[in-house]
Amino acid sequence: MSSQPQACLWLDQSPAEPRWPPLAQSARCDVAVIGGGYTGLWTAYYLKRMAPELEVALLEAESCGWGASGRNGGWLIGGLAGQEAHLRGLDGERREQARRRLFGIVDEVAAVLAREGIECDFAHGGVLYAAARYPEQEAAGRRWLRELRRAGHGEADFRWLEREEAQSQLGARDVRGGVFSPHCAVIQPARLAQGLARAAARLGVRIHERSPVRRLAPGVAGLDGCELRADVIVPALEGAANQFPLLGRCLLPVQSLLLATEPLPAALWEEIGLARRQAFGDLSRMVTYGQRSADGRLVFGARGGYRLGGRAQWDFDPDGAEFAWRERLLRQLFPALGAAAVQYRWGGTLGVARAFTPYAMYDRRAGIAMAGGYGGEGVGAANLMGRTLAEWILERDGDLTSMPWVVPEGRLERVRRWAPEPVPWLGYHLLRGGYALEERLCAGNAAPAWARRGAGRLAAALESLLA
Ligand SMILES: Cc1cc2nc3c(=O)[nH]c(=O)nc-3n(C[C@H](O)[C@H](O)[C@H](O)COP(=O)(O)OP(=O)(O)OC[C@H]3O[C@@H](n4cnc5c(N)ncnc54)[C@H](O)[C@@H]3O)c2cc1C
């Protein structure tokens, strides 16, 4: 570890230093992947595994894992954001098939880690969404569980934990119960991205780091002084996709920020729990997420803001209000932390798709294949989408390309776009305002019940308006 810690715990433990040379002269290949995060790396990995003769090149502006993939909260979810909406519309057999694909993500990733010898602190302990800081969270959790049942998920997939059982898993303040699912693991994100890059390179993917693409058009990625031509281009840029007019407004780039404490002593972990390194969050709309890292830190984050024009953000003021608010939340949840110090503060940008539902798309005529819009749940989803794109590009038989998250007819123009500015900026800020109001009234515990209920309804209405 460097003596001058980086803001990001994961990148400090595993610096994202370039290992592969930039693209220095024009070239061509069968498939060109743009972006060395999970989406690009999984797609390249599966393409080469399924078709070793295929020439696959990957261009990364910085180094593999430099973006959201090296900085996230490390929840590896066997699922997709917004999956209930997809599953509700399917009949019995197809729904079962889709559920198996979603829940199978964690085992598939575990199998690749073992096969490729990737060490990334993987622990399959499940996830607990706890009703913790105020009573409305319990009602929200039970409501969500009813939705999950309507989507076909049973007790084995998501179940309500009563107070005592939830508290035995998570020693946070006021845990009243929670929704537990076994379909989640935690990982060290940067190590996963870097390990995947090495695995893809061993299979023969030509990786070029420090190779920013400046222009993107069907069949060609233009760099400074050279270009890469390919039959198929896979832009895998998530929060940075808006820089290219071809992809403009497909994704809403939204920030998320995290903290990590110093390593905590064993006695404190006795109180906090998370003995199986379960992922955890509370059931508020602030999208809180946390994990117990392999070296015994509490890592904790929550969804952040949106910048006018949909600009990505990677640097954040460590002394800013955003981090102070998260630290307050963390200490409210875990008073036992006492004087334990927060050592790392960092954040990054993720992509949200219209209707909050991620997608995969291959437009054969344009030679463009892409996936994304994971809405902050991309670690596992990118594996599923990488397999989907590989199967689709190679025209292999399989059920992945007929899943409900696949864009019909594989047409770029069928990918739903967000409205032009300033609509998203205004919409997102209204939504955040609604969330903040709900949080203030409910977490403060002083407001009358009708005001708390009203704030919840307002936040829900704003959500459907923005979608
Ligand atoms: C703070 C934070 C916490 C999160 N927590 C979780 C979590 O706990 N669980 C979960 O499932 N998801 C989480 N997510 C979301 C998840 O990290 C992302 O969905 C996922 O990493 C997206 O991977 P990607 O490959 O699509 O994008 P990225 O990882 O962002 O990769 C895109 C790559 O493209 C490169 N690039 C950009 N422009 C160019 C260019 N012009 N030319 C070449 N390359 C370029 C970037 O350098 C970057 O490496 C979180 C995200 C953030 C930001």
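Buried means under 20% relative accessible area. Keep that cut-off at hand for the exercises below. The model is predicted.

**Exercise 1. Helix H7**

Task: Find the span of helix H7, its buried residues, and what covers them.

Solution:
- Step 1. Locate the helix. H7 runs over residues 136-150 and has 15 residues.
- Step 2. Check its span. From the first C-alpha to the last, H7 reaches 21 Å. That is close to the 21 Å expected at 1.5 Å a residue.
- Step 3. Pick out the buried residues. They are Gln137, Gly141, Leu145 and Leu148.
- Step 4. Look down the axis of H7. The buried residues fall within an arc of 80 degrees, so they line one face of the helix.
- Step 5. Ask what covers them. The cover includes helix H4 (83-88) and strand S4 (127-131). It also includes strands S5 (159-162), S6 (177-181) and S13 (279-282).
- Step 6. Go past the end. Glycine 152 follows H7, and its phi is positive, near 100 degrees.

**Exercise 2. The ligand and its shell**

Task: Describe which residues surround the ligand, which polar atoms lie by it, and how much of it the protein covers.

Solution:
- Step 1. Start with the shell. There are 37 residues around the ligand. Thr39, Glu60, Ser69, Gly378 and Val379 come nearest.
- Step 2. Sort the shell by element. At least two residues each come from helix H2 (38-50), helix H3 (68-71), strand S12 (251-261), strand S16 (342-353) and helix H12 (378-393). S16 gives the most, with 3 residues.
- Step 3. Take the backbone atoms. A polar backbone atom of tyrosine 38 is 3.0 Å from an oxygen atom of the ligand. For glycine 74, a backbone N or O atom lies 3.3 Å from a ligand oxygen.
- Step 4. Take a side chain. An N or O atom in the side chain of glutamine 243 is 3.0 Å from a nitrogen atom of the ligand.
- Step 5. Read the cover. On its own, the ligand has 1000 Å² of accessible area, and the protein covers 97% of it.

**Exercise 3. Histidine 208**

Task: Decide whether histidine 208 is buried or exposed, and list its contacts beyond four places in sequence.

Solution:
- Step 1. Place the residue. Histidine 208 is in strand S8 (residues 206-208).
- Step 2. Apply the cut-off. Histidine 208 has 12% relative accessibility, so it counts as buried.
- Step 3. List the contacts. They are Pro21, Pro22, Leu23, Leu58, Leu59 and Glu60.

**Exercise 4. Tryptophan 418**

Task: Show which parts of the chain meet at tryptophan 418.

Solution:
- Step 1. Place the residue. Tryptophan 418 is in the loop between H12 and helix H13 (423-444).
- Step 2. Apply the cut-off. Its relative accessible area is 4%, so tryptophan 418 is buried.
- Step 3. Compare sequence with space. Tryptophan 418 and arginine 354 are 64 residues apart in sequence, but their C-alpha atoms are 6.3 Å apart.
- Step 4. Name contacts beyond four places in sequence. Among them are Arg249, Cys250, Leu252, Phe356 and Leu466.
- Step 5. Find the polar pair. A polar side-chain atom of tryptophan 418 lies 3.0 Å from the backbone oxygen of valine 352.

**Exercise 5. Asparagine 383**

Task: Find the polar partner of the asparagine 383 side chain.

Solution:
- Step 1. Place the residue. Asparagine 383 is in helix H12.
- Step 2. Apply the cut-off. Its relative accessible area is 0%, so asparagine 383 is buried.
- Step 3. List what asparagine 383 touches beyond four places in sequence: Trp42, Tyr46, Ile105, Glu108 and Val109.
- Step 4. Pick the partner. The side chain of tyrosine 46 makes a polar contact with that of asparagine 383, at 2.9 Å.

Methods:
Residues are numbered from 1 along each chain as its sequence is written. This is a predicted model: local features need pLDDT of at least 70, side-chain atom pairs count only at pLDDT 80 or more; totals for chains, interfaces and linings use all residues. Side-chain values use heavy atoms; hydrogens and water are left out. Helices (H or I, at least four residues) and strands (E, at least two) are DSSP runs, numbered from the N terminus. The expected span of a helix is 1.5 Å times one less than its number of residues. Buried means under 20% relative accessible area, exposed over 50%, partly exposed in between (1.4 Å probe, protein chains only). The arc is that of the directions from the helix axis to the C-beta atoms. Contact means heavy atoms within 4.5 Å. A residue is near a molecule or strand if one of its heavy atoms lies within 4 Å of it. A polar contact is a pair of N or O atoms within 3.5 Å; within protein, one must be able to donate a hydrogen and the other to accept it, and residues adjacent in sequence count only if both atoms are side-chain atoms. Accessible areas come from the Shrake-Rupley method with a 1.4 Å probe; for residues, only the protein chains shown count as cover.
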